[in-house]
Structure formats: structure tokens, C-alpha cells
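I wanted to get my bearings in this one, so I kept a few notes as I went. Here they are, starting with the DNA and ending with the contact between the chains.

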There are 2 protein chains.
Amino acid sequence: MKDIARDLGVSLMTVSKALRNHSDISEQTRKRVLKHARQLGYQPNWIARSLATRRTYVVGLVIPDLMHSFFAEVAKGVARKFEPLGYQIVISNSEEKAEVEERQIELLLARSVDGLIVASAQANGRSGLFQTLRARKVPFVLIDRLPAGLGAHYVGVNDEEIGVLATEHLIEQGCRRIAHIRGPAISTGIGRLRGYRRAQAKHGLKAPPEYVVSGRHDDPSGYEAMRDLLRLNPRPDGVFCYNDPVAAGAIKAVLEAGLNVPHDLAIIGAGNVHYSDLLRVPLSTVDQSSSLIGETAADLLAQCMEAKTQPTPKRIWIPPRLVVRESSRRI
Amino acid sequence: MKDIARDLGVSLMTVSKALRNHSDISEQTRKRVLKHARQLGYQPNWIARSLATRRTYVVGLVIPDLMHSFFAEVAKGVARKFEPLGYQIVISNSEEKAEVEERQIELLLARSVDGLIVASAQANGRSGLFQTLRARKVPFVLIDRLPAGLGAHYVGVNDEEIGVLATEHLIEQGCRRIAHIRGPAISTGIGRLRGYRRAQAKHGLKAPPEYVVSGRHDDPSGYEAMRDLLRLNPRPDGVFCYNDPVAAGAIKAVLEAGLNVPHDLAIIGAGNVHYSDLLRVPLSTVDQSSSLIGETAADLLAQCMEAKTQPTPKRIWIPPRLVVRESSRRI
DNA sequence: GTCTATACAGTTATCGCTAAAGAAAGGCCG
DNA sequence: CGGCCTTTCTTTAGCGATAACTGTATAGAC
């Protein structure tokens with residue numbers, strides 16, 4: 001910039017304004033500056049700009065696991081919205097651990113991100129983390145998981161609805177002894193479990209307590225949980241799994257036991273990961289529109305970042321959609 | 001920092017040095033400063049620091065597709081190495097497109113990353129992109145793909161070896177009419193094809209030209225390609241697929257045609273994606289140690305960033321490893 | 001008693017850019 | 001003609017740190 005100013009015999013400030021299309025500059029000067037800048041191959045220095053403006057044009061995206069294609073897809077959605085706006089996205093992996101998440105967010109804040117999108121591993125909204133975020137006035141939007149007791153922007157799917165949709169589908173397919181491999185004690189796990197119970201109650205079914213077993217997020221946990229379920233008597237004839245990886249693990253266990261999916265045991269997952277169709281038995285699931293979640297969260301965050309005062313927390317629910325494949329089709 | 005200096009009656013510089021453990025400061029003063037900094041909740045401003053030191057402690061990772069779990073795993077490996085060193089990692093998605101990649105790298109450079117790790121979508125090493133990187137003296141390490149005619153740091157697996165390993169395995173399993181669904185015209189695709197040919201030649205087999213069909217990176221392309229192969233007469237009895245997603249799509253096509261994998265047709269992929277074990281037929285593959293690639297590339301880049309002069313380009317080959325599962329086991 | 005080395009702290013000048021206020025030149029108005 | 005806008009550009013002061021010097025003591029050497 002200094003060189004441009006010297007060469008053109010104008011002040012540094014004129015160059016700065018011209019490059020930013022500031023209204024103070026005449027059309028003629030602006031053009032001269034832009035042209036010369038191009039000739040010199042001028043590249044603005046973002047660091048200096050950030051220091052002066054206190055904006056970094058960086059947003060942080062904190063997710064529990066990049067390997068889970070659901071979050072990879074969310075990340076794509078976020079990128080699609082933010083990149084055209086000139087923002088850079090930094091993805092942080094919390095590995096499903098609340099402490100790691102907290103540390104990662106601290107790091108992002110230390111680097112002065114302009115905003116955050118978080119699929120939180122915190123079970124509780126009263127965690128110090130959210131107070132820190134509030135205190136520092138960093139706009140943030142939660143996605144997928146909604147820590148209990150937290151008034152914050154949120155974009156996700158109603159997990160209870162997912163549970164209802166999946167369970168009612170199994171009932172329609174003729175299942176009467178429906179089990180559930182539940183997820184962890186966060187909003188998604190709890191909501192889906194609640195939906196599972198509500199759907200059964202609504203149809204006058206009730207499952208014995210041992211029909212609800214605990215899994216985590218991954219396929220090994222689904223495999224283990226299903227082996228436990230298979231030992232029960234009477235054996236369940238339908239299983240709603242917390243998510244698709246868990247369901248994939250579960251299918252593996254059922255097949256290994258020499259049983260048929262869906263005839264001996266129907267299985268449905270949630271999330272509609274991209275390889276669901278390629279599994280042992282193509283997996284029925286409830287789609288969560290992962291990339292739409294990402295895009296919507298990005299839009300919402302963008303709004304928050306522009307607004308001077310934080311708008312009141314907004315919750316956006318994306319409707320889930322049943323995707324029936326072979327693993328649950330019995331009629 | 002200013003506050004600390006004022007409160008403690010020392011100069012700003014003393015505080016700065018104390019916080020950085022500079023040797024100029026006495027143990028006593030340093031402790032006073034650190035303690036007071038903690039009390040005030042001081043957080044260093046990375047932006048200002050970057051402006052002054054010309055180092056951002058950010059490295060860019062450019063990959064073709066986050067959804068492909070191979071690259072997600074690489075990313076994890078990179079993060080595991082760099083995060084303890086205080087670096088932030090920015091992941092960019094090139095969507096397998098050379099122009100997008102170029103633009104993404106420009107953006108990363110504009111943000112002054114300290115270094116880059118790139119799984120390039122460029123077929124050709126003479127691309128202007130690499131000249132730009134050289135000109136700007138940004139240390140970078142290529143992974144997975146090695147654009148033709150480029151002397152640069154590289155970490156990956158010898159793709160020809162992958163092709164040989166996979167093809168010889170099929171031969172050992174009794175396949176005699178071995179086809180190949182080849183990848184795109186980049187080093188990985190070309191190398192694996194070459195390995196496929198070399199292994200056949202070595203064992204005195206020769207496949208008709210129509211046994212080599214083109215795929216891309218994804219499972220739909222594998223599905224299409226396999227349908228083409230199934231129309232051939234004589235039908236192949238073994239297929240080596242460019243990568244696991246392609247192989248998964250191929251398996252789907254074979255099963256739909258009412259044939260058995262592996263008995264009518266053995267299939268092997270490459271990459272060992274995490275869900276290989278959960279597919280219709282558990283997929284045999286050649287493992288590429290994805291996270292090790294990430295870690296190794298990170299180490300190498302870290303070295304380059306410390307060195308004042310760029311060391312001569314180094315190529316590191318990680319040995320591939322055959323993983324036999326059901327899709328190819330015929331004896 | 002002078003000189004030099006060492007340990008510690010302070011000054012000054014950036015890093016590259018921007019916000020905010022100031023100034024020059026011209027036009028319009030009563 | 002003087003006052004008051006407008007338009008266009010310039011000056012002045014940072015943003016929050018650091019690099020590279022420039023001082024002071026104090027201690028020990030000769």
C-alpha cells in the first residue's frame with residue numbers, strides 16, 4: 001500500500017479507502033489505485049486488517065467427530081454459506097469430550113473468531129463454557145445437540161420426532177417387541193429415547209426395561225449392544241438404533257447370529273449417513289438433512305454477527321424424514 | 001499487557017518478555033508478571049503477535065473431499081501432531097477440482113498460513129500453483145497424490161505397489177480374468193493401474209483392454225463401471241477397484257445382478273475406509289495408514305517450517321498393507 | 001581505580017492497516 | 001461577498017504485540 005501511495009503521489013489513506021471502495025474516493029482515483037495495485041500484485045494483509053478492525057472473518061465450527069459423515073456434511077453446508085461471504089472456517093474436533101471441547105473453544109476464542117457453530121458435547125447448559133461465551137459476547141449457534149437448560153440459538157431436528165417416526169415405522173411393519181439401542185445422555189440420545197417411548201405408548205405397546213440398552217455413537221458399541229439384546233427372551237423383533245453407525249454395528253451382530261434382517265429382526269437407524277445404502281443390509285433411517293442444518297446455522301450465525309445487539313435466542317427445527325430401505329421392510 | 005505493566009510498575013516490554021519466558025527477565029519479576037497476568041485473566045492477542053512476528057501458527061490442509069473418510073483420517077493425524085505445537089489447522093475442500101484448489105490455496109496464502117499440506121487435485125506439477133508456492137517461499141508438503149514432474153516434499157503410499165498387492169492377491173485366490181475399475185488420471189489412479197498391469201504380466205496373465213474401465217472416486221461411479229463390466233463376455237472373475245467407495249458401489253452392482261461375491265466375482269478396493277467392514281460383503285482392501293500419512297506429513301512440514309533454508313525435497317513412502325476380508329476370500 | 005562482562009530492564013520504531021477528525025477546493029445561497 | 005455545505009483527500013493516532021537497541025547496576029579482573 002505504501003508503494004502504491006508513493007507511486008501515485010497520494011496518501012496512504014487514499015489507497016486504503018480506494019481498495020475498500022470507500023465512498024470518500026473519486027471514481028477516477030479509485031480506478032488508478034486499483035489498477036496500480038493489480039500491477040504491483042498487491043495482496044491485502046488480513047492480519048493487519050484484523051488488528052485494526054477487530055474482525056477476523058473467521059468462524060469456528062466445533063464438532064465431536066469429523067469421521068462421522070453427518071458432521072462432515074454439516075461442515076460442507078457451513079462452508080457453502082460462509083465462503084462466499086469471505087469467511088474462513090476453522091473446524092475443531094472435540095472427540096465427544098466436554099473438556100476437549102472447552103479447550104478447543106478457548107483456543108478459537110484466543111484466536112478471536114468472529115463467531116462459532118457448535119455441536120456441543122456438554123450435557124449441561126449451565127457449563128462454564130457457555131457463560132464464557134456470553135461474557136465475551138461472541139455470537140454462537142448450537143447445532144444438533146441442545147445442552148439442557150440453555151437459552152441459545154439452535155438449529156437441529158426434533159429428536160423426539162425422530163424417535164417417534166422410526167418407532168412408528170417399525171410398528172407399521174408389524175414389529176411388536178421393539179427394542180432401542182440408546183445413545184449418550186445428551187439431548188439427541190434423550191430425545192430419541194423419549195420418542196421411542198411415546199410412539200409405543202401411543203400404540204398400546206410396552207417394552208420391558210431390558211429392551212433399552214446403552215450404546216455410544218460408533219458401530220462397535222452398536223455391535224456389543226445388539227449382542228446383549230439377542231440374548232434376551234423373548235427376542236425383540238425390531239430395533240431402533242440411536243444412529244446409523246450404531247445400526248450398522250447392530251446389523252453385523254444380527255447377521256453373525258445367523259438371523260435375517262429384516263425378517264427376524266427389523267432395524268432402523270438415524271442420520272442417513274452417506275454409505276447407508278451400501279451396508280450389509282441397506283439401512284432404513286431417519287434423515288436429518290445434515291447439510292441443510294449446516295447452511296441454516298451459517299445463515300443464523302451470519303445474522304447474529306451483523307446485528308449489533310444479540311437477538312433473542314432463536315430455535316430452528318428442521319423436519320426429519322423417514323427413509324425406508326431394506327433393513328426394516330417387512331411388508 | 002499495558003495494565004499489567006502499570007500495576008506492577010514495570011515497562012510494557014518487561015511484561016512482554018516475561019510472558020514469553022525471555023531470558024532477559026529475572027525469575028522474580030517473571031513470576032510477579034505471570035501471577036498478575038493470571039489474576040487479570042490476560043489472553044495474548046494472536047493477531048497482534050502475528051503481525052509483529054510474521055508467523056501465524058496456522059497451517060492449511062487442502063484435501064479433495066472431507067466426506068471421504070480417508071481424508072478425514074488424514075486430517076486427524078495432522079491435527080494430532082500440530083495441535084500440541086500450538087498450531088491451528090484450517091481445512092480446505094477442493095472438491096477434486098484443480099481450480100477450486102488453486103483458489104482455496106490463494107485464500108490460505110492471503111491469510112498467511114505458515115505452511116501447507118496438500119492432497120492436490122492438480123494432475124500436473126508444472127501448474128502455476130506450485131510456482132506461486134515456491135515464489136512465496138511457503139513450506140508445503142504434498143500427500144497422497146504426486147502431480148507429475150514436481151520436485152516437492154511428499155508423503156504417501158507407492159500406488160503401483162498397492163496395485164500389485166491387490167492384483168496378486170486376486171491371482172492367489174484363483175482369479176484369472178481380472179478387471180480394473182481405474183481412478184482418475186492423477187498419480188494414484190495411474191500408479192494403481194500400472195501395478196495392476198505389472199502384477200498380471202508377472203504372472204503371465206493378460207486382460208483384454210475392455211477389462212479396464214474408468215471410474216471416479218465415489219461409489220456411484222463404481223456401480224456404473226461394474227455394470228459395464230458385467231456385460232462383458234467372458235465376465236471377469238475378479239476386480240481390483242481404485243478405492244473402497246468405488247468397490248462398495250461395485251459390490252452393489254454385482255449383488256443386484258444376482259451374483260455372489262466373492263465366488264462369482266472377487267472384489268478388492270484400496271484405502272481401508274472405516275466402514276469397509278460393515279459393507280454388504282466385508283471389503284478386502286489395501287490399507288494406506290491414513291492417519292500415519294497425516295502424522296508423517298505434519299512432522300515433515302514442521303521440520304520445513306523451522307529450517308531457515310528449504311531442505312531438498314524428501315519423499316516418504318509408507319508401505320501398504322493387504323487387508324483380506326470376505327469380498328475376495330475364495331480359498 | 002579503571003575496565004569489561006553479565007544480568008536485567010527500558011526506549012524506540014515498526015508490523016500493515018483503519019477510524020476519526022481535519023483540511024483544501026469548489027459550488028451554492030442569500 | 002461571506003458563510004455553509006460537499007466532495008475528496010490528508011493527518012493523526014492507534015490496534016496489541018515484538019525486534020533490536022540502548023541504558024544501568026553489580027561483580028569480578030587486572
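I call a residue near a strand if one of its heavy atoms lies within 4 Å of it. Worth remembering: this is a predicted model.

**Entry: DNA strand D.** I looked up what surrounds DNA strand D and got 23 residues, with T14(A), T29(A), R54(A), S16(B) and R20(B) listed as the closest. By class, I noted 11 nonpolar, 7 polar and 5 charged residues on that surface. Then I asked which part of the strand the protein meets: of the strand's atoms within 4 Å of the protein, 70% belong to sugar or phosphate and the rest to bases.

**Entry: single contacts.** I checked a few distances from backbone polar atoms. S11(A) has one 2.8 Å from a phosphate oxygen of DNA strand D, and N45(B) has one 2.9 Å from a phosphate oxygen. For A48(B), the partner is a base nitrogen, at 3.3 Å. Helix 2 (12-19) and helix 4 (46-53), in chain A and in chain B, are the elements giving two or more residues to this surface. Helix 4 of chain B gives the largest share, 4 residues.

**Entry: chain B against chain A.** How many residues does each chain bring to the contact? I found 44 from chain B and 44 from chain A. The buried area comes to about 3,800 Å², with carbon and sulfur atoms giving 59%. On the chain B side, M67(B), R111(B) and L278(B) lose the most area, together 22% of what that side buries.

**Entry: salt bridges.** I counted 4 across this interface. One I looked up joins D277(B) to K252(A), with the closest N and O atoms 2.8 Å apart.

Note on methods. Residues numbered from 1 in each chain as written. Chains lettered and ligands numbered in written order. Predicted model: local features only at pLDDT ≥ 70, side-chain atom pairs only at ≥ 80, totals over all residues. Heavy atoms only, no water. Polar contact = N/O pair within 3.5 Å; in protein donor to acceptor, adjacent residues only side chain to side chain. Nonpolar A, V, L, I, M, F, W, Y, C, P; charged D, E, K, R; others polar. Contact = heavy atoms within 4.5 Å. Buried area = accessible area lost by both parts, 1.4 Å probe. Salt bridge = Lys/Arg side-chain N within 4 Å of Asp/Glu carboxyl O.
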